[in-house]
Amino acid sequence: MAETPPRHALLRVSPEGWAAMLEMRPEWRGEPLLAGWAWRGWPLVARRRGECETAGGIAAGLPLPPSAGKRRLAVLLPGDAVTEIRPPLPLAEALPSAPPGWRPVLEALLALGAAHRVTPRVFGSLAWAALTGLDYLGPASDLDLLWPVLPPPRMAALLAALGGIEARAPMRLDGEVLLPDGSGANWREIQAGAAEILVKRAGGVALLPRADFLGAAGAA
């Protein structure tokens, strides 16, 4: 697959491609979860390319659960190893995997998304728990959310409501506002109103005028 996936996209990897990758990383062969990762149909996630990484391949990663050391593993996959590219997991699909105490907040977030006609998505611990069935969540886990960029007045209203929901949440809300190409900025930075914000892209990070970032909503 020659397509370059946006950050946070979920990547299905062929079992054969994954086995070949493990052959090149002997230090991972002793981890039983990794040996069967692709065979179980579990995805990897598209990530930002590191400064020292070569231009070839698709930058991907996965975090192991706390029971396996909570390591974050980074790989460069050959394009033909990736068989499917999917958007990040919708929050609604992760709801059954959330702790019971989180449910009222998640339902409020889904209602917020419906009110603004957008789909909130998740990454981080809740997403991996939902995708794999493994125990990624703990008492200190954040809820990592992804929201699509909206025109400035609507974006301001959504972020203000998001802050109100967090004020009564049992967990910290974190995450990004995303452009269609997967470039993203932390929602707190956007809400703070600074003239420039740090934007993460597939190839690195850069400061971008806040107005330009939000202006991309109208051009999308």
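A residue counts as exposed when its relative accessible area is over 50% and as buried when that area is under 20%, with partly exposed in between. Leu 207 has 55% relative accessibility, so it counts as exposed. That cut-off will help you through the rest of this tour of a predicted model. The protein chain has 220 residues, of which 46% count as buried, and it carries eight helices and twelve strands.

**Overall build**

- The radius of gyration of the protein chain is 18 Å, which agrees with the value near 17 Å that a compact globule of 220 residues would have.
- Along its principal axes, the C-alpha trace spans about 50 × 40 × 25 Å.
- Take the contacts between residues at least 6 apart in sequence: 62% of them join residues at least 24 apart.
- About 10500 Å² of the protein chain is exposed, and 56% of this area comes from carbon and sulfur atoms.

**The annotated domain**

- An unreviewed UniProt entry places the feature "domain: Phosphoribosyl-dephospho-CoA transferase MdcG C-terminal" at residues 91–210.
- Over residues 91–210 the chain is 41% helix and 25% strand.
- The C-alpha atoms at the two ends of that stretch are 26 Å apart.

**A nonpolar surface patch**

- Leu 207 belongs to strand β12, which covers residues 204–209.
- Together with Leu 198 and Val 205, Leu 207 forms a nonpolar patch on the surface.
- The three residues of this patch have about 260 Å² of accessible area together.

**Helix α4 and the loop after it**

- Helix α4 runs over residues 103–115 and includes Pro 104; Arg 103 lies in this helix as well.
- Pro 104 has a relative accessible area of 54%, so this proline is exposed.
- Arg 103, at 28% relative accessibility, counts as partly exposed because its value falls between the 20% and 50% cut-offs.
- Leaving aside neighbours within four places in sequence, Arg 103 is in contact with Leu 95, Pro 96 and Ala 98.
- Arg 103 and Trp 37 are 66 residues apart in sequence, and their C-alpha atoms are 29 Å apart in space.
- Pro 104 and Ala 81 are 23 residues apart along the chain, with 39 Å between their C-alpha atoms.
- Arg 117 sits in the loop between α4 and β7 (121–123).
- With a relative accessible area of 68%, Arg 117 is exposed.

**Around strand β1**

- His 8 lies in the segment before β1, and at 11% relative accessibility this histidine counts as buried.
- Ser 14 occupies the loop between β1 (10–13) and α1 (15–23).
- Ser 14 is buried too, with a relative accessible area of 13%.
- Beyond neighbours within four places in sequence, Ser 14 is in contact with Ala 38, Ala 81 and Thr 83.

**Backbone angles worth a look**

- Most residues other than glycine have a negative phi.
- His 8 has a positive phi, near 75°.
- Arg 117 also has a positive phi, near 60°.
- Buried or exposed: how do His 8 and Arg 117 count? His 8 counts as buried at 11% relative accessibility, whereas Arg 117 is exposed at 68%.

Key
Residues numbered from 1 in each chain as written. Predicted model: local features only at pLDDT ≥ 70, side-chain atom pairs only at ≥ 80, totals over all residues. Heavy atoms only, no water. UniProt positions renumbered as here; feature names shortened; annotations may be inferred. Helix = DSSP H or I, 4+ residues; strand = E, 2+ residues; numbered from the N terminus. Patch = residues over 30% accessible without salt bridge, like charges linked within 9 Å, V, L, I, M, F, W, Y side chains within 5 Å. Areas by Shrake-Rupley, 256 points an atom, 1.4 Å probe, with all protein chains shown as cover. Salt bridge = Lys/Arg side-chain N within 4 Å of Asp/Glu carboxyl O. Buried < 20%, exposed > 50% of the residue type's maximum accessible area, 1.4 Å probe, protein only. Rg over C-alpha atoms; globule rule 2.2 N^0.38 Å. Contact = heavy atoms within 4.5 Å.
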